[in-house]
Amino acid sequence: MPVFHNFIDGEWVPAASGATYENRNPALHQQVLGLFPRSGPEDVDRAVDAAARALKSWSLVPAPRRAEIVFRAAEMLVRRKEEFARQMTQEMGKILTETRGDAQEAIDMSYYMAGEGRRQFGQTVPSELRNKFAMSMRMPVGVCGLITPWNFPMAIPSWKIMPALVCGNTAVIKPATDTPHSALNLVKVLEDAGVPRGVVNLVTGAGTAVGLPLIRHKEVKLVSFTGSTEVGHEVARECAPSFKHHHLEMGGKNVIIVMDDARLDLAVDGAVWGGFGTSGQRCTAASRVVVHKTVYPEFLEKFSCRAKALRVGNGLVPSTEMGPMISDNQLRTVEEYVRIGRDEGARLVCGGRRLSDGEYAKGFFHEPTIFADVDPRMRIAQEEIFGPVVSVIPCDDLESAIEIGNGVVYGLSSAIYTQNINAAFQAMRDMNTGIFYVNASTIGAEVHLPFGGTKQTGNGHREAGQAALDTFSEWKSIYIDYSGKLQRAQIDTEAM
Ligand code: NAD
């Protein structure tokens with residue numbers, strides 16, 4: 001049985017208590033993939049102390065040199081991508097093509113942020129005064145506490161670690177309890193790429209035992225959290241008393257709008273992969289589809305045919321199209337929402353059951369599920385389910401579709417399928433989401449654009465792109481006076 005350790009101050013070490021927990025395969029629950037440290041506050045303290053000690057010298061390494069290490073990590077990730085993708089499918093469940101995509105996101109982010117090492121532009125601007133020079137530059141924030149979810153086990157850690165490092169911060173990462181291996185693989189690559197000791201630290205374990213002490217630690221100056229809105233609220237509350245910087249990426253209830261002039265083949269395909277890709281366990285999952293009433297029957301027929309035909313199973317099997325839920329808990333949540341949908345009077349047109357025959361009994365599988373004729377006020381159309389359950393909602397026109405689309409507390413991603421450029425532009429302007437797609441599904445991000453959401457999906461920050469630099473650095477404005485005059489005299493002169 002492989003035994004894995006925390007990475008603290010450049011050493012791989014067990015939890016101070018020696019305690020461990022099992023990392024299991026959600027497709028074959030009997031399979032234990034490895035033992036990971038069940039860490040606690042003492043481990044967090046050691047990791048944060050190491051990161052604090054390493055901060056000064058790391059922040060003085062020129063940004064292009066810091067970026068070279070990140071570039072080397074990208075090269076190593078390329079070489080080990082297939083191995084990491086297979087390990088990710090085993091610990092998280094999503095199918096191999098998706099875990100390859102997850103590892104590729106980490107590669108893309110590493111290359112992109114390596115480039116940012118030479119592009120940490122500030123501003124130089126004319127001063128108000130003669131013989132004075134004015135400019136701004138980025139500064140590191142300090143030790144960053146990075147807390148990540150299980151659905152993108154390598155991509156999301158990379159989205160935080162890489163910009164944090166390039167900006168001159170040091171970091172302690174606490175990955176999701178269910179997917180420690182992928183984050184560990186990323187940290188190991190960074191070690192191999194030459195990150196100095198203490199600059200990156202990894203501590204595995206539970207949210208309350210590791211995440212909370214990390215947020216509360218006074219040496220942690222920035223918390224970057226991706227996860228549920230519920231835990232995000234807690235992070236914000238914990239950070240408020242000391243005004244600790246906090247960057248929150250949280251839940252979604254994303255929508256695809258299908259207009260009467262849409263190419264239905266594209267719209268159905270987008271709804272299938274947006275709704276059931278990653279078993280619906282994406283923050284950007286298209287869990288609502290709002291369809292114009294004139295194409296509603298045809299869309300529903302085609303959509304449910306495709307959903308019924310999806311091959312559910314172990315993500316390592318090449319023919320599988322949808323893997324398991326991450327855990328029994330998540331599966332139970334999905335079952336509970338199916339019950340809620342039925343009780344609310346939504347029409348179940350396909351799926352609705354846990355899969356438990358034969359091989360399915362060994363894991364946490366659920367059928368792709370579609371509810372039709374959903375009232376947008378129903379809980380299944382309002383709350384994040386995080387499973388393969390899609391609500392299809394009829395609408396009369398573009399205005400009502402946009403109103404339904406915006407009628408949730410979340411604001412991550414939205415999409416429209418239409419051939420009408422005016423409708424596309426109107427929806428682009430009026431959908432209150434951080435990400436918007438035309439004739440493409442709600443999923444799929446590119447690392448050089450900002451990623452994040454409005455309303456209760458985020459708190460105004462963005463991940464990825466140049467926006468990430470704003471999260472992981474602070475501005476300093478600098479004025480250099482080369483007039484040689486007393487300040488008072490100079491101001492009087494300039495005023496004349
Ligand atoms: P979660 O909120 O349960 O956990 C996220 C992380 O926080 C985990 O590492 C967890 O151990 C830790 N945590 C839990 N309780 C904590 C506490 N009290 N203090 C500190 N840390 C704590 O979320 P999850 O189930 O891992 O992930 C699913 C959620 O993540 C969904 O809501 C999804 O929409 C969201 N998500 C959002 C984005 C985005 O970019 N907006 C991306 C991926 C996932």
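**Figure 1. The largest nonpolar core of this predicted model.** This core brings together 89 residues. Want to know where the crowd gathers? Ile161, Leu165, Val258, Phe276, Phe299 and Phe303 are the ones with the most contacts inside it. Helix H4, which covers residues 155–166, gives the most to this core, with 8 residues. Zoom in on leucine 165: if you skip its neighbours within four places in sequence, it is in contact with Trp58, Arg66, Val70, Leu190, Val195, Val199 and Val200. Another core lies apart from the largest one. That other core has 29 residues, and Val290, Val334, Ala346 and Leu398 are among them.

**Figure 2. Helix H1 packed against helix H6.** When two helices pack, we describe the pair by the angle between their axes and the distance between those axes. Here, H1 (residues 41–60) and H6 (residues 207–216) pack at an angle of about 40°, and their axes are 8 Å apart. Angles from 35 up to 65 degrees fall in the oblique class, so H1 and H6 are oblique to each other. The crossing of H1 past H6 is right-handed. Which residues do the touching? From H1 come Pro41, Val44 and Val48, and they meet Ala209, Val210, Pro213 and Leu214 of H6. Sort the residues of this contact by type and you get 7 nonpolar, no polar and no charged.

**Figure 3. What covers the buried part of H6.** Val210, Gly211, Leu212, Pro213, Leu214 and Ile215 are the buried residues of this helix. What sits over them? The cover includes H1, along with strand S7 (143–147), strand S8 (170–174), strand S10 (220–226) and helix H7 (229–239).

**Figure 4. Helix H12 beside helix H13.** H12 takes in residues 398–406 and H13 residues 421–430; their axes come within 11 Å and cross at roughly 30°. With the cut-off for roughly parallel set at under 35 degrees, that makes H12 roughly parallel to H13. This crossing, too, is right-handed. On the H12 side, Leu398, Glu399, Ile402 and Asn406 take part, meeting Ala423, Gln426, Ala427 and Asp430 in H13. The mix of residues in this contact is 4 nonpolar, 2 polar and 2 charged.

**Figure 5. Two loop residues with a positive phi.** Most residues other than glycine have a negative phi. Phenylalanine 243 is not a glycine, yet its phi is positive, at about 55°. You'll find phenylalanine 243 in the loop between H7 and strand S11 (245–249). Is phenylalanine 243 buried or exposed? Its relative accessibility is 73%, and the cut-off for exposed is over 50%, so phenylalanine 243 counts as exposed. Now for aspartate 373, whose phi is near 55°, again a positive value in a residue other than glycine. Aspartate 373 has its place in the loop between strand S17 (369–372) and helix H11 (379–382). With a relative accessible area of 37%, aspartate 373 is partly exposed.

**Figure 6. Serine 287, a buried loop residue.** Look for serine 287 in the loop between helix H8 (264–276) and strand S13 (288–292). Its relative accessibility is 12%, and buried means under 20%, so serine 287 counts as buried. Which residues does serine 287 touch, leaving aside its neighbours within four places in sequence? Its contacts are Lys253, Asn254, Val389, Val390 and Ser391.

Key. Residues are numbered from 1 along each chain as its sequence is written. This is a predicted model: local features need pLDDT of at least 70, side-chain atom pairs count only at pLDDT 80 or more; totals for chains, interfaces and linings use all residues. Side-chain values use heavy atoms; hydrogens and water are left out. Axes are lines fitted to C-alpha atoms, for helices over the stretch in contact, and angles run from 0 to 180 degrees between N-to-C directions. Helices (H or I, at least four residues) and strands (E, at least two) are DSSP runs, numbered from the N terminus. Angles under 35 degrees count as roughly parallel, over 145 as roughly antiparallel, 65 to 115 as roughly perpendicular and the rest as oblique. A crossing is left-handed if the near helix is turned anticlockwise from the far one by less than a right angle, and right-handed if clockwise. Contact means heavy atoms within 4.5 Å. Ala, Val, Leu, Ile, Met, Phe, Trp, Tyr, Cys and Pro count as nonpolar, Asp, Glu, Lys and Arg as charged, and the others, Gly among them, as polar. A nonpolar core is a set of buried Ala, Val, Leu, Ile, Met, Phe, Trp, Tyr and Cys residues joined through side-chain atoms within 4.5 Å. Buried means under 20% relative accessible area, exposed over 50%, partly exposed in between (1.4 Å probe, protein chains only).
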